[in-house]
Amino acid sequence: MELREKIKNRRIELHLTLEDVAHAVGVSSATVSRWESGEIASLRGDKIALLAQTLQVTPAYLMDWSTQSAVPSQLDKVYFNFAREAQENDIDPDDIKLAIDIIKKLRRR
């Protein structure tokens, strides 16, 4: 299943509107609609984490990074919290990428 299908199907399963998802992720409802249509297929790391948290799945499942379960692990929850804090505190995107890379390395252990 493609990213666009995962986003739309999961949003509908959770009875969320485009506006609900947009507000949670910090984007416009038009952006969410464009994700669902496949018009935008590339997402920033912090948006991936927030979207996955909103849709109650793992970032890895959403982005097909692995065959990992769709249910978030404890480490995924830390990742989600970090992404939300980063967004709320306007942390530099390069710092977010570095932190995400560290989390990915920890996941491989």
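## Close-ups of a seven-helix chain

**View 1. A lysine sits over a tyrosine ring.** Lys 6 lies over the face of Tyr 61, at 4.5 Å from the ring centre. Keep in mind that this is a predicted model, so the distance is a computed one. Ring-on-ring pairing is another matter: a search of the whole structure turns up zero aromatic pairs.

**View 2. The whole chain, for orientation.** Here the protein chain shows seven helices and zero strands, and reading along the sequence gives the pattern α-α-α-α-α-α-α. Of its 109 residues, 34% are buried. Among contacts with a separation of 6 or more, 50% are made by residues 24 or more positions apart. The accessible surface of the chain comes to about 6,500 Å², and carbon and sulfur atoms hold 51% of that.

**View 3. Trp 35 and the residues packed against it.** The tryptophan lies in helix α3. Its relative accessible area is 5%, under the 20% cut-off, so Trp 35 counts as buried. What does Trp 35 touch, once neighbours within four places in sequence are left aside? The list runs to Arg 4, Ile 7, Val 25, Val 27, Ile 40, Leu 43 and Leu 51. Take Ile 7 from that set: Trp 35 and Ile 7 are 28 residues apart in sequence, yet their C-alpha atoms are 7.6 Å apart in space.

**View 4. A buried salt bridge between two helices.** The side chains of Arg 11 and Glu 36 meet in a salt bridge, with 2.5 Å from N to O. Arg 11 belongs to helix α1 (residues 3-13) and Glu 36 to helix α3 (residues 29-37), so the pair ties together parts that are 25 residues apart in sequence. Buried or exposed, these two? Both Arg 11 and Glu 36 are buried. This pair is one of six salt bridges in the structure.

**View 5. Two salt bridges with more accessible partners on show.** Glu 2 forms a salt bridge with Arg 4, and the closest N and O atoms are 3.3 Å apart. Glu 2 has a relative accessible area of 47%, so it is partly exposed. Arg 4 is partly exposed too, at 31% relative accessibility; this arginine is also among the contacts of Trp 35. The other bridge joins the side chains of Glu 39 and Arg 34, again with 3.3 Å from N to O. Glu 39 counts as exposed because its relative accessibility is 56%, whereas Arg 34, at 35%, counts as partly exposed.

**View 6. Thr 54, tucked in at helix α4.** This threonine has its place in helix α4 (residues 45-55). Why does Thr 54 count as buried? Its relative accessible area is 14%, and buried means under 20%, so Thr 54 makes the cut. Not counting residues up to four places away in sequence, Thr 54 touches Leu 14, Leu 16, Val 21, Ala 24 and Val 25. Val 25 turns up in the contact list of Trp 35 as well, so keep that valine in view when flipping back to View 3.

**View 7. A nonpolar patch on the surface.** Which residues form the patch? Leu 98, Ile 102 and Leu 106 do, and together they have about 270 Å² of accessible area. Leu 106 has its place in helix α7 (residues 93-107). At 40% relative accessibility, Leu 106 counts as partly exposed.

**View 8. Two loop residues with positive phi.** His 15 is not a glycine, but it has a positive phi of about 60 degrees. It is found in the loop between α1 and α2 (18-25), and with 70% relative accessibility it counts as exposed. Gln 56 is the other residue here: its phi is near 60 degrees, a positive value in a residue other than glycine. Gln 56 is found in the loop between α4 and α5 (59-63). The relative accessible area of Gln 56 is 49%, so this residue is partly exposed.

Notes. Residues numbered from 1 in each chain as written. Predicted model: local features only at pLDDT ≥ 70, side-chain atom pairs only at ≥ 80, totals over all residues. Heavy atoms only, no water. Helix = DSSP H or I, 4+ residues; strand = E, 2+ residues; numbered from the N terminus. Buried < 20%, exposed > 50% of the residue type's maximum accessible area, 1.4 Å probe, protein only. Contact = heavy atoms within 4.5 Å. Areas by Shrake-Rupley, 256 points an atom, 1.4 Å probe, with all protein chains shown as cover. Phe/Tyr/Trp six-rings, centres within 6.5 Å; stacked < 30°, edge-to-face > 60°. Lys NZ or Arg CZ within 6 Å of the ring centre and 35° of its normal. Patch = residues over 30% accessible without salt bridge, like charges linked within 9 Å, V, L, I, M, F, W, Y side chains within 5 Å. Salt bridge = Lys/Arg side-chain N within 4 Å of Asp/Glu carboxyl O.
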